[in-house]
Amino acid sequence: MEGGKEQGMLVVTGLMAHQNPLEQLQAKFKEVENGFKAWLDKQSMPVEAAVVTATGAVQGAAIGALMGTLTKDVSSSFPTPPQASLNHQAMASLKQAQALSGAPWVQARNFAVMTGVNAGLACVMKRLRGKEDVQSSMVAAFGSGAMFSLVSGMGGPNQAANAVTSGLFFALIQGVLFQFGQKLSQPAVEDMYYSRTRSMLNSLGLQNYEKNFKKGLLTDNTLPLLTDRDVKIPPGPRLLILDHVQSFSSTF
(Lines give C-alpha, C1' and ligand atoms only; values in the text may rest on other atoms or scores of the structure.)
Protein backbone atom coordinates (compact mmCIF):
# COMPACT_ATOMS: atom_id res chain seq x y z
CA MET A 1 0.00 0.00 0.00
CA GLU A 2 2.76 2.41 0.94
CA GLY A 3 4.55 1.65 -2.30
CA GLY A 4 1.37 2.42 -4.25
CA LYS A 5 0.93 5.74 -2.46
CA GLU A 6 4.54 6.71 -3.12
CA GLN A 7 4.15 5.82 -6.79
CA GLY A 8 0.97 7.92 -7.01
CA MET A 9 2.73 10.88 -5.42
CA LEU A 10 5.55 10.55 -7.91
CA VAL A 11 3.08 10.55 -10.81
CA VAL A 12 1.33 13.70 -9.52
CA THR A 13 4.66 15.40 -8.95
CA GLY A 14 5.75 14.48 -12.46
CA LEU A 15 2.56 15.87 -13.96
CA MET A 16 2.98 19.15 -12.07
CA ALA A 17 6.56 19.40 -13.23
CA HIS A 18 5.52 18.93 -16.84
CA GLN A 19 2.86 21.66 -16.76
CA ASN A 20 3.43 24.56 -19.08
CA PRO A 21 5.08 27.37 -17.04
CA LEU A 22 3.25 29.94 -19.16
CA GLU A 23 -0.12 28.38 -18.29
CA GLN A 24 0.82 28.37 -14.61
CA LEU A 25 1.76 32.05 -14.81
CA GLN A 26 -1.48 32.93 -16.58
CA ALA A 27 -3.54 31.04 -14.02
CA LYS A 28 -1.74 32.77 -11.15
CA PHE A 29 -2.20 36.19 -12.78
CA LYS A 30 -5.92 35.49 -13.29
CA GLU A 31 -6.27 34.48 -9.67
CA VAL A 32 -4.58 37.66 -8.46
CA GLU A 33 -6.65 39.79 -10.86
CA ASN A 34 -9.94 38.28 -9.66
CA GLY A 35 -8.93 38.77 -6.04
CA PHE A 36 -8.01 42.39 -6.70
CA LYS A 37 -11.34 43.06 -8.43
CA ALA A 38 -13.25 41.43 -5.59
CA TRP A 39 -11.43 43.63 -3.07
CA LEU A 40 -11.95 46.74 -5.16
CA ASP A 41 -15.71 46.16 -5.43
CA LYS A 42 -15.98 46.37 -1.64
CA GLN A 43 -14.30 49.78 -1.42
CA SER A 44 -15.94 53.20 -1.35
CA MET A 45 -16.18 55.24 -4.53
CA PRO A 46 -13.25 57.60 -3.70
CA VAL A 47 -10.95 54.68 -2.88
CA GLU A 48 -11.96 52.74 -5.97
CA ALA A 49 -11.57 55.80 -8.21
CA ALA A 50 -8.12 56.56 -6.76
CA VAL A 51 -6.91 52.98 -7.22
CA VAL A 52 -8.31 52.69 -10.74
CA THR A 53 -6.81 56.05 -11.70
CA ALA A 54 -3.40 55.05 -10.38
CA THR A 55 -3.54 51.68 -12.12
CA GLY A 56 -4.57 53.29 -15.41
CA ALA A 57 -1.81 55.87 -15.07
CA VAL A 58 0.83 53.19 -14.56
CA GLN A 59 -0.36 51.30 -17.63
CA GLY A 60 -0.42 54.49 -19.69
CA ALA A 61 3.05 55.46 -18.52
CA ALA A 62 4.40 52.08 -19.63
CA ILE A 63 2.78 52.43 -23.05
CA GLY A 64 3.98 56.01 -23.44
CA ALA A 65 7.55 55.16 -22.45
CA LEU A 66 7.57 52.30 -24.95
CA MET A 67 6.26 54.55 -27.71
CA GLY A 68 8.80 57.23 -26.85
CA THR A 69 11.58 54.66 -27.01
CA LEU A 70 10.43 53.32 -30.38
CA THR A 71 10.16 56.77 -31.93
CA LYS A 72 13.65 57.64 -30.62
CA ASP A 73 12.60 61.15 -29.72
CA VAL A 74 11.67 62.32 -33.20
CA SER A 75 10.83 65.71 -31.77
CA SER A 76 14.51 66.41 -31.11
CA SER A 77 15.16 66.22 -34.85
CA PHE A 78 12.57 68.89 -35.61
CA PRO A 79 14.11 72.27 -36.26
CA THR A 80 12.72 74.84 -33.86
CA PRO A 81 12.40 78.12 -35.71
CA PRO A 82 11.90 81.37 -33.81
CA GLN A 83 8.33 81.68 -32.60
CA ALA A 84 8.10 85.13 -34.04
CA SER A 85 8.50 83.70 -37.55
CA LEU A 86 5.54 81.30 -37.12
CA ASN A 87 1.86 82.09 -37.32
CA HIS A 88 -0.54 80.56 -34.78
CA GLN A 89 -1.52 77.64 -37.03
CA ALA A 90 2.06 76.66 -37.75
CA MET A 91 2.99 76.91 -34.08
CA ALA A 92 0.03 74.72 -33.11
CA SER A 93 1.07 72.09 -35.66
CA LEU A 94 4.62 72.10 -34.28
CA LYS A 95 3.36 71.62 -30.71
CA GLN A 96 1.14 68.74 -31.82
CA ALA A 97 4.09 67.00 -33.47
CA GLN A 98 6.22 67.51 -30.36
CA ALA A 99 3.46 66.25 -28.07
CA LEU A 100 3.06 63.02 -30.03
CA SER A 101 6.76 62.30 -30.60
CA GLY A 102 8.52 63.33 -27.42
CA ALA A 103 11.15 61.62 -25.31
CA PRO A 104 10.17 58.46 -23.39
CA TRP A 105 9.54 60.31 -20.12
CA VAL A 106 7.44 62.94 -21.93
CA GLN A 107 5.33 60.29 -23.60
CA ALA A 108 5.06 58.39 -20.32
CA ARG A 109 3.78 61.52 -18.56
CA ASN A 110 1.28 62.36 -21.32
CA PHE A 111 -0.15 58.87 -21.59
CA ALA A 112 -0.21 58.37 -17.81
CA VAL A 113 -2.41 61.46 -17.44
CA MET A 114 -4.63 60.48 -20.36
CA THR A 115 -5.25 56.87 -19.35
CA GLY A 116 -5.40 57.61 -15.62
CA VAL A 117 -8.03 60.32 -15.99
CA ASN A 118 -10.02 58.17 -18.40
CA ALA A 119 -10.03 55.18 -16.06
CA GLY A 120 -10.88 57.28 -13.00
CA LEU A 121 -13.75 59.17 -14.64
CA ALA A 122 -15.15 55.97 -16.14
CA CYS A 123 -15.11 54.39 -12.66
CA VAL A 124 -16.88 57.38 -11.07
CA MET A 125 -19.51 57.55 -13.83
CA LYS A 126 -20.21 53.84 -13.52
CA ARG A 127 -20.69 54.17 -9.76
CA LEU A 128 -22.93 57.23 -10.09
CA ARG A 129 -25.08 55.98 -12.96
CA GLY A 130 -25.03 52.28 -12.12
CA LYS A 131 -24.09 51.25 -15.64
CA GLU A 132 -21.41 51.57 -18.28
CA ASP A 133 -22.85 53.11 -21.42
CA VAL A 134 -21.87 55.45 -24.24
CA GLN A 135 -22.58 58.60 -22.19
CA SER A 136 -20.26 57.54 -19.37
CA SER A 137 -17.62 56.50 -21.86
CA MET A 138 -17.78 59.85 -23.66
CA VAL A 139 -17.54 61.82 -20.41
CA ALA A 140 -14.41 59.89 -19.45
CA ALA A 141 -12.94 60.42 -22.92
CA PHE A 142 -13.68 64.16 -22.78
CA GLY A 143 -11.83 64.48 -19.47
CA SER A 144 -8.84 62.47 -20.68
CA GLY A 145 -8.62 64.45 -23.92
CA ALA A 146 -8.80 67.79 -22.11
CA MET A 147 -6.11 66.79 -19.60
CA PHE A 148 -3.89 65.37 -22.34
CA SER A 149 -4.08 68.71 -24.14
CA LEU A 150 -3.20 70.68 -21.01
CA VAL A 151 -0.30 68.45 -19.97
CA SER A 152 1.23 68.03 -23.42
CA GLY A 153 0.81 71.68 -24.40
CA MET A 154 -0.73 70.59 -27.68
CA GLY A 155 -2.40 73.34 -29.70
CA GLY A 156 -2.18 77.13 -29.79
CA PRO A 157 -1.78 79.68 -27.02
CA ASN A 158 -5.41 79.45 -25.83
CA GLN A 159 -5.10 76.39 -23.58
CA ALA A 160 -8.69 76.44 -22.37
CA ALA A 161 -10.08 76.35 -25.91
CA ASN A 162 -7.57 73.68 -26.90
CA ALA A 163 -8.57 71.54 -23.91
CA VAL A 164 -12.26 71.76 -24.79
CA THR A 165 -11.58 71.01 -28.45
CA SER A 166 -9.38 68.02 -27.63
CA GLY A 167 -11.93 66.75 -25.12
CA LEU A 168 -14.75 66.96 -27.64
CA PHE A 169 -12.63 65.19 -30.25
CA PHE A 170 -11.73 62.37 -27.83
CA ALA A 171 -15.38 62.06 -26.74
CA LEU A 172 -16.60 61.87 -30.34
CA ILE A 173 -14.08 59.18 -31.26
CA GLN A 174 -14.85 57.20 -28.11
CA GLY A 175 -18.59 57.43 -28.74
CA VAL A 176 -18.22 56.08 -32.26
CA LEU A 177 -15.92 53.26 -31.12
CA PHE A 178 -18.25 52.35 -28.23
CA GLN A 179 -21.30 52.13 -30.46
CA PHE A 180 -19.39 50.15 -33.08
CA GLY A 181 -18.17 47.72 -30.44
CA GLN A 182 -21.68 47.31 -29.06
CA LYS A 183 -23.03 46.42 -32.48
CA LEU A 184 -20.28 43.89 -33.06
CA SER A 185 -20.85 42.22 -29.69
CA GLN A 186 -24.63 41.92 -30.06
CA PRO A 187 -26.16 39.20 -32.22
CA ALA A 188 -28.37 40.28 -35.07
CA VAL A 189 -31.97 40.66 -33.91
CA GLU A 190 -33.16 38.78 -36.97
CA ASP A 191 -31.14 35.69 -36.09
CA MET A 192 -32.82 35.39 -32.69
CA TYR A 193 -36.06 34.40 -34.41
CA TYR A 194 -34.43 31.58 -36.38
CA SER A 195 -32.37 29.78 -33.71
CA ARG A 196 -34.47 26.57 -33.67
CA THR A 197 -34.79 26.66 -37.44
CA ARG A 198 -31.02 26.93 -37.78
CA SER A 199 -30.50 24.06 -35.33
CA MET A 200 -32.95 21.86 -37.24
CA LEU A 201 -31.35 22.60 -40.62
CA ASN A 202 -27.86 21.96 -39.24
CA SER A 203 -28.96 18.59 -37.84
CA LEU A 204 -30.32 17.63 -41.27
CA GLY A 205 -27.30 18.96 -43.15
CA LEU A 206 -29.51 21.50 -44.93
CA GLN A 207 -28.06 24.72 -43.49
CA ASN A 208 -27.80 26.19 -47.01
CA TYR A 209 -31.59 26.60 -47.02
CA GLU A 210 -31.69 28.92 -43.99
CA LYS A 211 -31.94 31.89 -46.36
CA ASN A 212 -35.14 30.42 -47.81
CA PHE A 213 -36.78 30.44 -44.39
CA LYS A 214 -35.67 34.03 -43.77
CA LYS A 215 -36.88 35.13 -47.18
CA GLY A 216 -40.31 33.67 -46.45
CA LEU A 217 -40.28 35.03 -42.85
CA LEU A 218 -40.73 31.47 -41.59
CA THR A 219 -39.56 32.05 -38.01
CA ASP A 220 -39.31 29.48 -35.21
CA ASN A 221 -42.93 30.11 -34.23
CA THR A 222 -44.14 29.04 -37.67
CA LEU A 223 -42.36 25.65 -37.69
CA PRO A 224 -45.36 23.64 -36.35
CA LEU A 225 -47.57 25.26 -39.02
CA LEU A 226 -45.42 24.42 -42.03
CA THR A 227 -47.07 22.76 -45.01
CA ASP A 228 -45.74 21.45 -48.30
CA ARG A 229 -46.57 24.75 -50.01
CA ASP A 230 -44.89 27.00 -47.45
CA VAL A 231 -41.28 25.84 -47.79
CA LYS A 232 -39.96 27.08 -51.15
CA ILE A 233 -37.07 24.64 -51.56
CA PRO A 234 -36.50 21.53 -53.74
CA PRO A 235 -38.71 18.48 -53.06
CA GLY A 236 -36.05 16.27 -51.46
CA PRO A 237 -34.90 18.65 -48.72
CA ARG A 238 -38.48 19.88 -48.25
CA LEU A 239 -39.71 16.36 -47.45
CA LEU A 240 -36.91 15.87 -44.92
CA ILE A 241 -37.77 19.14 -43.20
CA LEU A 242 -41.51 18.41 -43.05
CA ASP A 243 -40.85 14.91 -41.70
CA HIS A 244 -38.56 16.35 -39.03
CA VAL A 245 -41.14 18.96 -38.03
CA GLN A 246 -43.92 16.35 -37.76
CA SER A 247 -41.69 13.99 -35.73
CA PHE A 248 -40.67 16.69 -33.26
CA SER A 249 -43.77 18.87 -33.36
CA SER A 250 -44.20 18.59 -29.59
CA THR A 251 -40.85 20.29 -29.00
CA PHE A 252 -41.60 23.36 -31.13
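**Exercise 1. The largest pocket**

Task: State how much space lies in the largest pocket, and find which residues and elements line it.

Solution. In this predicted model, the largest pocket holds about 660 Å³ of space. The next step is to go from the volume to the wall: 24 residues line the largest pocket, and those that lie nearest its centre are E48, V52, A119, A122 and C123. Passing from residues to elements, one finds that α2, α3 (45-71), α5, α6 (134-152) and α7 (159-185) each give two or more residues to the lining. Of the elements, α5 gives the most to this lining, with six residues.

**Exercise 2. A salt bridge that involves a pocket residue**

Task: Determine which side chain meets that of E48 in a salt bridge, and how the pair is placed in the sequence.

Solution. The partner is R127, with an N to O distance of 2.7 Å, and this distance satisfies the criterion because a salt bridge requires the nitrogen to be within 4 Å of the carboxyl oxygen. As to placement, E48 belongs to helix α3 and R127 to helix α5, so the salt bridge ties together parts that are 79 residues apart in sequence. The surroundings of the two ends can then be compared with the accessibility classes: E48 is buried, with a relative accessible area of 12%, whereas R127, with 34%, is partly exposed. E48 is also one of the residues that lie nearest the centre of the largest pocket.

**Exercise 3. Other salt bridges**

Task: Give the number of salt bridges in the model, and describe the pairs E33 with K30 and D133 with K131.

Solution. The count comes to seven salt bridges. As general background, side chains of opposite charge can pair when their charged atoms come close. The side chains of E33 and K30 form one such salt bridge, at 3.9 Å from N to O; the two residues are three apart in helix α2, so they are separated by about one helical turn. E33 is partly exposed at a relative accessible area of 26%, and K30 is likewise partly exposed, at 46%. The pair does not stand alone, since K30, E33 and K37 are linked in a network of salt bridges. Turning to the other pair, D133 and K131 meet through their side chains at 3.8 Å, N to O, where D133 is buried with a relative accessible area of 13% and K131 is partly exposed with 45%.

**Exercise 4. Nonpolar residues inside and outside**

Task: Identify the residues of the largest nonpolar core and those of the nonpolar surface patch of about 260 Å².

Solution. It helps to begin with the chain as a whole, in which 28% of the 252 residues count as buried. In soluble globular proteins, nonpolar side chains tend to be buried together. Here the largest nonpolar core has twelve residues, namely M200, L201, L206, F213, L218, L223, L226, V231, I233, I241, L242 and V245. Two elements, α9 (195-204) and α11 (235-247), give two or more residues to this core, and α11 gives the most, with three residues. The surface patch, by contrast, is made by F36, W39 and V47. Within the patch, W39 lies in helix α2, which spans residues 21-41, and W39 counts as partly exposed because its relative accessibility of 41% falls between the limits of 20% and 50%.

**Exercise 5. Two loop residues in a helical chain**

Task: Describe the secondary structure of the chain, and then decide whether A103 and L217 are buried or exposed.

Solution. The chain has eleven helices and zero strands. A103 sits in the loop between α4 (88-100) and α5 (104-129), and A103 is buried because its relative accessible area is 16%, under the limit of 20%. A103 and G64 are 39 residues apart along the chain, and their C-alpha atoms are separated by 9.3 Å. L217 is found in the loop between α10 (210-215) and α11, and L217 counts as exposed because its relative accessibility is 63%, over the limit of 50%. A last step concerns the backbone: the phi of L217 is near 55°, a positive value in a residue other than glycine. As a general point of reference, most residues other than glycine have a negative phi.

Note on methods:
Residues are numbered from 1 along each chain as its sequence is written. This is a predicted model: local features need pLDDT of at least 70, side-chain atom pairs count only at pLDDT 80 or more; totals for chains, interfaces and linings use all residues. Side-chain values use heavy atoms; hydrogens and water are left out. A nonpolar core is a set of buried Ala, Val, Leu, Ile, Met, Phe, Trp, Tyr and Cys residues joined through side-chain atoms within 4.5 Å. Buried means under 20% relative accessible area, exposed over 50%, partly exposed in between (1.4 Å probe, protein chains only). Helices (H or I, at least four residues) and strands (E, at least two) are DSSP runs, numbered from the N terminus. Patches are made of residues with over 30% relative accessible area and no salt bridge: like charges are joined within 9 Å, nonpolar side chains (Val, Leu, Ile, Met, Phe, Trp, Tyr) within 5 Å. Accessible areas come from the Shrake-Rupley method with a 1.4 Å probe; for residues, only the protein chains shown count as cover. On a 1 Å grid over the protein atoms alone, a cavity is a set of points where a 1.4 Å probe fits but cannot get out, and a pocket is an open set with protein on both sides within 12 Å along at least five of seven lines; lining residues have an atom within 4 Å of a point. Grid points are joined across faces, edges and corners, and a volume is the space filled by probe spheres set on the points.
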